[in-house]
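Student: Could you take a close look at one loop of this chain, and then set it in the context of the fold around it?

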Amino acid sequence: SDKINIAYIGCGTQGLREMCELIPNPGIQIVSVCDPNKMSTNYIDWSANGIRDGIRKVLNEPLWGDKLTGIPGGRDVGKELVDTFYSKSKDVKNFKGCTSYANFRELLDKEKNIDAVKIMTPDHLHAYISIAAMKRGKHVVIHKPIANRIYEAKLTIDTARKTGVSTHLLAWSKRSGNDL
């Protein structure tokens, strides 16, 4: 394939915000999403409508989520975003729909066509999910921090070295105001 197939693990506010930025990239294709939360509107975010407005913009659907009260999130929202975006895209060929999982272990066991995972979960899961993905030969993009414990961070870094997969830590830059 001429695209990098990505599994997106974590469809909360930060995950959906970054998914809206990532999905238009013609070099990647999100093929699977994962979040233990199926769908809810009780997320907390910096603004009451930021996530909804981001999804509306990327889908070019000004009324998306107009019946929702609260801040949406969960794997159903992520799947809907991916399926709707790619169904409208002229650059995507042979898209069969986005798979959806509650458990990242099941995703890693079943999805054989993914090249990389983007991990947008709460911090305490970053190391564990990264290591599990790397042990299966998947490249990893992880949001900061690598881990909550020094031991876990060292284990994550050692696993990246041993497996030889590409890894990238997204860190905030005050200089540019963007993720690096």
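Tutor: P145 sits in the loop between β5 (139–143) and α6 (150–163), where helices (H or I, at least four residues) and strands (E, at least two) are DSSP runs numbered from the N terminus. The peptide bond that leads from K144 into P145 is cis, with omega near -5 degrees. This is a predicted model, in which local features need pLDDT of at least 70 and side-chain atom pairs count only at pLDDT 80 or more, while totals for chains, interfaces and linings use all residues. Residues are numbered from 1 along each chain as its sequence is written, and side-chain values use heavy atoms, with hydrogens and water left out.

Another loop, between α2 (50–59) and α3 (75–88), holds N60, which has a positive phi of about 55 degrees although it is not a glycine. With a relative accessibility of 66%, N60 counts as exposed, a class that requires over 50% relative accessible area, whereas buried means under 20% and partly exposed lies in between (1.4 Å probe, protein chains only).

Both loops belong to a protein chain with 6 helices and 6 strands, which follow one another along the sequence as β-α-β-α-α-β-α-β-α-β-α-β. The radius of gyration of the protein chain, taken over C-alpha atoms, is 16 Å, close to the 16 Å that the globule rule (2.2 Å times the number of residues to the power 0.38) gives for 180 residues, so the chain is as compact as a globular protein of that length. Of these 180 residues, 45% are buried. Among contacts (heavy atoms within 4.5 Å) between residues at least 6 apart in sequence, 68% join residues at least 24 apart.
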